[in-house]
Amino acid sequence: MLDFLRQEKISEKLIAEIKHYRNFYKVNPDVEYRIPTPKYNYYGKEIWEEAITAIICGENLLLVGPKASGKNVFAENLSAAFGRPLWDISFHVNTDFSSLIGEDTFKNGQVVLRHGPIYECAALGGFGVLDEINMARNESIALLHAVLDFRRVIDIPGYDRIPLKDSTRFIATMNYGYAGTRELNEALVSRFMVIDMPTISSENLMKLLRQEFPNMKDNYVEQFTGLFKDLQKKSENSEISTKSVDLRGLLSSIHLIDRGLKASRALEMGIVNKSFDNFEREIIEDVIHLRIPENVERSEIFSN
Ligand SMILES: Nc1ncnc2c1ncn2[C@@H]1O[C@H](COP(=O)(O)OP(=O)(O)OP(=O)(O)O)[C@@H](O)[C@H]1O
Ligand SMILES: [Mg+2]
């Protein structure tokens with residue numbers, strides 16, 4: 001992971017700080033298995049620098065951005081870079097104190113607290129990913145205020161006041177615009193340093209495609225990158241919605257093409273069919289066909 005950061009030209013000073021952090025905060029062997037080995041690298045030098053600096057300064061992060069902008073990939077990459085065990089905690093309308101911190105259970109005839117993920121993460125000094133934090137009801141996560149600000153403490157009624165391990169950090173993610181997303185309350189947002197996740201740049205998308213598909217021919221690396229950017233532009237100009245601007249869908253489609261499915265059918269599944277409006281689908285298909293000929297053979301796209 002640190003080699004990747006060097007390759008991305010992250011400053012040696014920041015890399016040295018990460019190393020220091022890793023040496024200073026040992027990981028409990030019981031949770032070593034939680035340190036992720038990322039499937040994808042996150043590309044975006046500025047974002048890396050902002051996040052690393054904030055984490056070193058003890059801050060928690062809120063990653064805000066559209067779908068498939070790499071929020072979870074980045075959270076996982078950060079956890080791997082800092083060598084921390086990771087807890088993935090999905091927020092939803094019923095998220096409450098007991099699901100986050102813990103609840104009473106009976107054990108050998110006694111009432112004990114069954115620890116929730118926030119509790120474990122805090123007690124073991126991990127990185128807690130508060131995924132889709134704006135899906136939860138603000139009032140039911142008010143308990144996080146003391147966890148996330150200078151108090152760094154979990155205060156459990158009837159139990160104890162547990163301080164967070166120094167190395168604990170929380171990385172929240174949120175999407176805007178989805179049906180069902182809520183506005184986060186200002187007091188909660190105030191407890192994070194906020195990173196506005198950009199859509200991937202052409203240069204970085206080419207790197208990502210080369211990494212993911214080493215056998216893809218150069219001109220197709222350019223065409224798929226161009227296709228994604230064309231869709232993005234059309235959506236920015238309000239000619240189409242954001243539904244088909246789906247990097248996740250594009251990557252999955254390319255995997256299907258690599259397996260031998262016809263390109264137009266794979267892209268239909270990954271991109272076109274994300275829209276349910278016939279008029280919009282036609283525009284999307286036209287955009288695709290300008291870049292990827294309808295009857296293109298696999299062998300034209302991949303070298304082996
Ligand atoms: N800057 C980037 N660098 C590397 N991969 C990226 C980048 N942006 C998006 N991706 C790719 O997009 C896909 C989706 O990433 P991820 O699941 O992290 O998105 P997300 O922002 O959490 O999306 P959602 O809001 O839908 O949950 C992954 O395959 C990831 O590799
Ligand atoms: Mg996500």
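These legends accompany close-up views of a predicted model.

**View 1. The largest pocket and the residues around its centre.**
Welcome to the main opening in this predicted model: the largest pocket, with a volume of about 1,000 Å³. Its lining is made up of 40 residues, and the closest to the pocket centre are Pro66, Lys67, Ala68, Ser69 and Gly70. Five helices give two or more residues each to this lining, namely α3 (45-56), α4 (71-81), α9 (202-212), α10 (218-236) and α11 (247-258).

**View 2. The make-up of the pocket lining.**
If you are thinking about chemistry, here is the lining of the largest pocket sorted by class: 16 residues are nonpolar, 14 are polar and ten are charged. Both domains take part, since at least three lining residues come from domain 1 (2-196) and at least three from domain 2 (202-301).

**View 3. Ala68 and its backbone.**
Look for Ala68 in the loop that runs between β1 (61-64) and α4. Ala68 is also among the residues closest to the centre of the largest pocket. Its phi is near 55 degrees, which is a positive value in a residue other than glycine.

**View 4. Arg152 and its backbone.**
Here is another loop worth a visit, the one between α7 (144-148) and β6 (153-155), where Arg152 is placed. Although Arg152 is not a glycine, it has a positive phi of about 40 degrees.

**View 5. The pair α9 and α10.**
Now for two helices that both contribute to the lining of the largest pocket, α9 and α10. Their axes come within 9 Å and cross at roughly 130 degrees. The two helices are therefore oblique to each other. As for handedness, α9 passes α10 in a right-handed crossing.

**View 6. The pair α11 and α12.**
The last stop follows α11, another contributor to the pocket lining, to its meeting with helix α12 (residues 263-270). The axes of α11 and α12 come within 8 Å, with a crossing angle of roughly 150 degrees. Because angles over 145 degrees count as roughly antiparallel, α11 is roughly antiparallel to α12. The crossing of α11 past α12 is right-handed.

Conventions. Residues numbered from 1 in each chain as written. Chains lettered and ligands numbered in written order. Predicted model: local features only at pLDDT ≥ 70, side-chain atom pairs only at ≥ 80, totals over all residues. Heavy atoms only, no water. 1 Å grid on protein atoms, 1.4 Å probe; cavity = no way out; pocket = protein on both sides within 12 Å on 5 of 7 lines; lining within 4 Å. Points joined across faces, edges and corners; volume = space filled by probe spheres on them. Helix = DSSP H or I, 4+ residues; strand = E, 2+ residues; numbered from the N terminus. Nonpolar A, V, L, I, M, F, W, Y, C, P; charged D, E, K, R; others polar. Domains from an automatic or database assignment. Axes fitted to C-alpha atoms, helices over the stretch in contact; angles between N-to-C directions. Parallel < 35°, antiparallel > 145°, perpendicular 65-115°, else oblique. Left-handed = near helix turned anticlockwise from the far one by under 90°.
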